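Work through the exercises below with the sequence and the coordinates open. Each task is followed by a solution in steps.

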Amino acid sequence: MKKFKKLLSVMLLGALLAANVIPVSAAEVQPLAAAPALTQFYVNSVSSEKGGTETIERSGSFAQVGTRLDHGGTWLEVETVEIGYAKTRSATFNNVNMTLKTKRAIDLDNDRIIDGWACVWRYENSYGFEAGTFKASSKSANSPWNTMNITFYIH
């Protein structure tokens with residue numbers, strides 16, 4: 001009898017839930033466009049124990065290829081910007097894998113649609129570092145499935 005009451009109560013709950021479903025016509029459904037392909041990938045800033053935070057200059061076709069400040073210390077953070085959607089991403093400093101510390105959405109035109117991502121990569125070494133090469137790679141999540149790469153020098 002207990003099993004029957006339990007079954008009956010589950011069936012009643014299912015009927016109540018089904019009755020509260022709001023029908024939606026096909027005309028009311030608005031499919032969204034596919035996520036945009038990766039079109040830009042660049043270093044936005046570099047931070048370190050010794051050099052503080054340095055914003056990397058980008059102006060027209062000019063892009064800085066290395067830091068201007070003298071960085072160094074026991075940690076390094078590099079912020080990369082991806083415009084479009086990436087499926088996979090990675091970063092190294094002096095051929096050592098960096099950790100993806102944070103990833104925040106970018107909305108360029110305030111339309112509440114994510115246009116890209118700002119990723120902060122972290123390198124730590126208790127012995128410290130003076131200079132090196134930051135390399136990053138980002139592969140588009142959709143057509144044309146391109147891969148964009150960065151090589152950036154930390155002075």
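**Exercise 1.** Does K103 count as buried, partly exposed or exposed, and why?

*Solution.* The model is a predicted one.
Step 1. Place the residue: K103 belongs to strand β8, residues 99-106.
Step 2. Take its relative accessibility, which is 41%.
Step 3. Apply the cut-offs: buried is under 20% and exposed is over 50%, with partly exposed in between. K103 therefore counts as partly exposed, because its relative accessibility is 41%.
Step 4. List the surroundings. Outside the four places on either side in sequence, K103 has contacts with R89, W117, A118 and C119. For W117, the C-alpha to C-alpha distance to K103 is 6.4 Å, at 14 residues apart in sequence.

**Exercise 2.** Treat R58 in the manner of Exercise 1: in which strand does R58 lie, and which residues does R58 touch?

*Solution.*
Step 1. R58 is in strand β3, which covers residues 58-59.
Step 2. With a relative accessibility of 41%, R58 counts as partly exposed.
Step 3. With residues up to four places away in sequence not counted, R58 touches Q40 and Y42.
Step 4. Check V43 as well: R58 and V43 are 15 residues apart in sequence, and their C-alpha atoms are 9.3 Å apart.

**Exercise 3.** Describe the chain as a whole, from its elements to its surface.

*Solution.*
Step 1. Count the elements: there are 1 helix and 11 strands.
Step 2. Put them in order from the N terminus: α-β-β-β-β-β-β-β-β-β-β-β.
Step 3. Consider burial. Of the 155 residues in the chain, 34% are buried.
Step 4. Consider contact range. Among contacts with a separation of 6 or more, 64% join residues 24 or more positions apart.
Step 5. Consider the surface. The accessible surface is about 10300 Å², and carbon and sulfur atoms account for 58% of it.

**Exercise 4.** What is the strand order in the open sheet of 4 strands, and which strands are at the edges?

*Solution.*
Step 1. The order is β7-β6-β10-β11, and the pairing is antiparallel.
Step 2. The edges are β7 (96-97) and β11 (147-154), each of which pairs on one side only.
Step 3. Look at one pair in detail. Strand β10, residues 132-140, is joined to β11 by 8 bridges in the antiparallel sense.
Step 4. Identify partners across this pair: A136 is bridged to I150 in β11, and S138 stands opposite M148 in β11.
Step 5. Follow the connection. β10 and β11 form a hairpin, with 6 residues between them.

**Exercise 5.** Which residues have the most contacts inside the largest nonpolar core, and which element gives the most to this core?

*Solution.*
Step 1. This core has 19 residues, and L76, M98 and F134 have the most contacts inside it.
Step 2. Two or more residues each come from β1 (40-48), β5 (73-83), β6 (86-93), β9 (116-129), β10 and β11.
Step 3. The element that gives the most is β9, with 5 residues.
Step 4. Take F134 as an example. Beyond four places in sequence, its contacts include V43, V78, A91, M98, W121, I150 and F152.
Step 5. Do not merge this core with the second, separate one, which has 5 residues, among them Y42, V81, I106 and A118.
Step 6. For background, nonpolar side chains tend to be buried together in soluble globular proteins.

**Exercise 6.** Find backbone values that call for a check, and place each in the chain.

*Solution.*
Step 1. Set the expectation: most residues other than glycine have a negative phi, and most peptide bonds are trans.
Step 2. Examine the peptide bonds. The bond from S143 to P144 is cis, with omega near 10°. P144 is in the loop between β10 and β11.
Step 3. Stay with this hairpin: W145, in its turn, has a positive phi of about 55°.
Step 4. N94 is not a glycine, yet its phi is positive, about 50°. N94 sits in the loop between β6 and β7 and is partly exposed, at a relative accessible area of 36%.
Step 5. R112, also not a glycine, has a positive phi of about 65°. R112 is in the loop between β8 and β9. With a relative accessible area of 81%, R112 is exposed.

Conventions. Residues are numbered from 1 along each chain as its sequence is written. This is a predicted model: local features need pLDDT of at least 70, side-chain atom pairs count only at pLDDT 80 or more; totals for chains, interfaces and linings use all residues. Side-chain values use heavy atoms; hydrogens and water are left out. Buried means under 20% relative accessible area, exposed over 50%, partly exposed in between (1.4 Å probe, protein chains only). Contact means heavy atoms within 4.5 Å. Two strands pair if DSSP finds at least two bridges between them. Accessible areas come from the Shrake-Rupley method with a 1.4 Å probe; for residues, only the protein chains shown count as cover. A nonpolar core is a set of buried Ala, Val, Leu, Ile, Met, Phe, Trp, Tyr and Cys residues joined through side-chain atoms within 4.5 Å.
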